[in-house]
Amino acid sequence: MNWGQKQQDWQVTKSSLKERFKELLLLSQWTDCTFSVGEDNTEIKCHKLVLAVSSPVFEALFFGGLSDPLCESIRVPDIEPHIFKMLLMYMYSDSLNLHNIEEAGNLLYAAKKYLMPQLSRLCLEYLLDRTCIQTLWDILTIAESLDEEELIEAVLKIMCRFGRHVWYSKAEHLSAAMLKRLLSESSMNMSEEELWSVTLDWAHKDCLDRGVKLTGRHLRDALQRERLLEGIRFLVFNGEKFKNEVVRAEVLTDSEVNAICRMIKEQQLDQNGNFI
């Protein structure tokens, strides 16, 4: 046996356990499990023990009640191959190199799926550090799809800090849940009229998505279904804006309009009966 250094003796060139396991993954050497990943069923080979010590999900899959010794390939249709490879690289070597928000969101999904909180935190911090006006809608999509409250709060903070003209776009999707939270905020850089416009836009889109006519009744039904109408502070409007921006939408009933107009008028009178 030749005890001299050989080119194929890659182990002796690695100075740390991380480097050796990373090389083991890259070489696909001594693998004992196979994954079929993504829509194209990309084949990825790895090692049961490494995955099991990194994730309780994989532990159950390979050594617990979910194990199936006859299974030749494990199907993973909901994660793209390059994201799955990033997941494996972290498992084998603690290495993480995120390039963009989409990658971070997809890897966060994978980390949550396989119960890897440390990796989830790294992805979350990457997204939080990049939450701004330019990325707001992309971050919000990720936050709501994965139910990440910390991300949602970061987006909500931006929405409250800046006026509607800075971040709002009719082309983007504002969910009913997010709109409801926006309406419940007590301090924001938006007028009640702007909030009403955003809310009415949401109702328009909801009607279009459901294929119903843009009538006042259908708009009202959409707002009441999500309990959004009660979040509008109509008494903050002045009488003229209330008539021009709210009454014209025909969302409120005649009795509601009359009652609100009366209360708005009463609020605008001083103690001497004069308009303020």
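## Helix pairs and salt bridges: why the labels fit

Student: Why is Glu-149 called partly exposed?

Tutor: Glu-149 has a relative accessible area of 33%. Buried means under 20%, and exposed means over 50%. A value of 33% lies in between, so Glu-149 counts as partly exposed. Bear in mind that this is a predicted model.

Student: What makes Arg-181 and Glu-149 a salt bridge?

Tutor: The N to O distance between their side chains is 2.8 Å. The cut-off is 4 Å, so the pair qualifies. The structure holds 14 salt bridges in total.

Student: Which parts does the pair Arg-181 and Glu-149 tie together?

Tutor: Arg-181 sits in helix α10, residues 176-184, and Glu-149 in helix α8, residues 149-161. The salt bridge therefore links parts that are 32 residues apart in sequence. Arg-181 has a relative accessibility of 27%, so this residue is partly exposed.

Student: How do you know that Lys-205 and Asp-209 are about one helical turn apart?

Tutor: They are 4 residues apart in helix α11, which covers residues 192-210. An α-helix has 3.6 residues a turn, so residues three or four places apart point the same way. The closest N and O atoms of Lys-205 and Asp-209 are 3.0 Å apart, and the two form a salt bridge.

Student: Is Asp-209 buried or exposed?

Tutor: Exposed: the relative accessible area of Asp-209 is 56%, and the threshold is over 50%. Lys-205, with 32%, is partly exposed.

Student: Why is Asp-206 called buried?

Tutor: Its relative accessibility is 12%. Buried means under 20%, so Asp-206 meets the criterion. Its salt-bridge partner is Arg-210, with the closest N and O atoms 2.8 Å apart. Both residues lie in α11, 4 residues apart. Arg-210 is partly exposed at 40%.

Student: Which residues are joined with Asp-206 and Arg-210 into one network?

Tutor: Arg-225 and Glu-226. Salt bridges that share partners connect these four residues.

Student: Why are α5 and α6 called roughly antiparallel?

Tutor: The axes of α5 (residues 101-113) and α6 (residues 117-129) cross at roughly 155 degrees. Angles over 145 degrees count as roughly antiparallel, so the label holds. The axes come within 9 Å, and α5 passes α6 in a left-handed crossing.

Student: Which residues make the contact between α5 and α6?

Tutor: On α5, Ile-101, Ala-104, Gly-105, Leu-107, Leu-108, Ala-111 and Lys-112. On α6, Leu-119, Ser-120, Cys-123, Tyr-126 and Leu-127. The contact divides into 9 nonpolar, 2 polar and 1 charged. Gly-105 counts as polar here, because Gly is grouped with the polar residues.

Student: Which residues of α1 are buried?

Tutor: Glu-23, Leu-24 and Leu-25 are buried in helix α1, residues 17-27. The buried residues of α1 pack against α4, residues 81-93. Just after α1, Ser-28 takes a positive phi of about 55 degrees.

Student: What makes Val-212 partly exposed?

Tutor: The relative accessible area of Val-212 is 23%. Buried requires under 20%, and exposed over 50%, so Val-212 falls in between. Val-212 lies in the loop between α11 and α12 (216-225).

Student: With neighbours within four places in sequence left aside, which residues does Val-212 contact?

Tutor: Cys-207 and His-218. Ile-232 is 20 residues from Val-212 in sequence, and their C-alpha atoms are 23 Å apart.

Methods: Residues are numbered from 1 along each chain as its sequence is written. This is a predicted model: local features need pLDDT of at least 70, side-chain atom pairs count only at pLDDT 80 or more; totals for chains, interfaces and linings use all residues. Side-chain values use heavy atoms; hydrogens and water are left out. Axes are lines fitted to C-alpha atoms, for helices over the stretch in contact, and angles run from 0 to 180 degrees between N-to-C directions. Helices (H or I, at least four residues) and strands (E, at least two) are DSSP runs, numbered from the N terminus. Angles under 35 degrees count as roughly parallel, over 145 as roughly antiparallel, 65 to 115 as roughly perpendicular and the rest as oblique. A crossing is left-handed if the near helix is turned anticlockwise from the far one by less than a right angle, and right-handed if clockwise. Contact means heavy atoms within 4.5 Å. Buried means under 20% relative accessible area, exposed over 50%, partly exposed in between (1.4 Å probe, protein chains only).
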